[in-house]
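Colleague: Got a minute? I'd like to walk through this model with you. Can we start with the inside?

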Amino acid sequence: MRQSYRAAALFAALTFGAYATAQEEPGMTRITVTVGETTLAATLDDSPAARDFAAMLPLELTLSDYHGIEKVADLPRAVDTSAAPPSYTPRTGDITIYAPWGNLAIFYKPFEASRGLVSLGAFDDPIDPLIRDGAYPVRIARAD
């Protein structure tokens with residue numbers, strides 16, 4: 001009887017302890033970006049800046065084109081980028097913050113390493129629906 005109790009207690013401690021630890025560990029955050037009737041999947045990095053950005057979600061933003069390379073939008077507040085590397089080389093589909101201006105930048109073309117650019121994550125889907133003329137609304141939210 002004592003062995004059964006000890007075994008059950010050990011099993012419970014290991015099971016629930018592992019569950020609690022997994023719940024507390026930070027990880028990559030799945031998000032959606034909705035453009036009109038199209039919803040795109042993306043994943044945020046496991047970084048302090050990405051977690052700070054995720055804390056703002058959901059967001060209703062207006063994207064506009066910047067130099068035929070990226071779509072940009074103003075954010076309601078600055079993202080904490082204090083622990084980020086000094087520069088980042090963006091690729092197509094990258095979701096970033098340009099720290100000096102505090103704006104969101106989604107790259108639809110690759111670009112050179114840029115000081116102050118901080119990676120937040122990347123799209124899991126092709127980003128063709130984001131490539132359009134003019135300013136347009138998007139909704140960014142945590143995925144269900």
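Modeller: Sure. One term before we begin: a nonpolar core is a set of buried Ala, Val, Leu, Ile, Met, Phe, Trp, Tyr and Cys residues joined through side-chain atoms within 4.5 Å. Buried means under 20% relative accessible area. Also keep in mind that this is a predicted model.

Colleague: Okay. Which residues of the largest nonpolar core touch the most other members?

Modeller: Phe53, Leu75, Leu104, Leu120, Phe123, Leu130 and Ile140. That core has 31 residues.

Colleague: And which elements each supply at least two residues of this core?

Modeller: The strands among them are β1 (29-35), β2 (38-44), β3 (59-66), β6 (94-98), β7 (103-107), β9 (117-123) and β10 (136-142). The helix α2 (48-54) is on that list too. The largest share comes from α2, with four residues.

Colleague: Why would such side chains sit together?

Modeller: It's a general trend: in soluble globular proteins, nonpolar side chains tend to be buried together.

Colleague: Back to Phe53. What does Phe53 touch, leaving out residues up to four places away in sequence?

Modeller: Leu44, Leu59, Leu75, Val79, Leu104, Leu120 and Ile140. There is also another core, apart from the largest one. That one has six residues, including Ile69, Val72, Tyr88 and Phe107.

Colleague: Let's switch to the fold. How many helices and strands are in the chain?

Modeller: Two helices and ten strands. From the N terminus, the order is α-β-β-α-β-β-β-β-β-β-β-β.

Colleague: What do the strands build?

Modeller: Eight of them close into a barrel. Going round, the order is β1-β2-β9-β6-β7-β4-β3-β10, with antiparallel pairing. The twist from one strand to the next averages 35°.

Colleague: Zoom in on one pair. How many bridges join β1 to β2?

Modeller: Seven, and the two strands run antiparallel. Within that pair, Val35 stands opposite Thr38 in β2.

Colleague: New topic: pockets. How much space lies in the largest pocket?

Modeller: About 200 Å³. Its lining has 13 residues. Tyr66, Glu70, Tyr98, Trp101 and Phe107 lie nearest the pocket's centre.

Colleague: Phe107 again! Which element gives the largest share of the lining?

Modeller: β7, with three residues. Both β4 (70-74) and β7 supply at least two. And yes, Phe107 also belongs to the six-residue core.

Colleague: Last one. What share of the whole chain counts as buried?

Modeller: 38% of the 144 residues. As for contacts between residues at least 6 apart in sequence, 63% join residues at least 24 apart.

Definitions and conventions. Residues numbered from 1 in each chain as written. Predicted model: local features only at pLDDT ≥ 70, side-chain atom pairs only at ≥ 80, totals over all residues. Heavy atoms only, no water. Buried < 20%, exposed > 50% of the residue type's maximum accessible area, 1.4 Å probe, protein only. Contact = heavy atoms within 4.5 Å. Pairing = 2+ DSSP bridges. Axes fitted to C-alpha atoms, helices over the stretch in contact; angles between N-to-C directions. 1 Å grid on protein atoms, 1.4 Å probe; cavity = no way out; pocket = protein on both sides within 12 Å on 5 of 7 lines; lining within 4 Å. Points joined across faces, edges and corners; volume = space filled by probe spheres on them.
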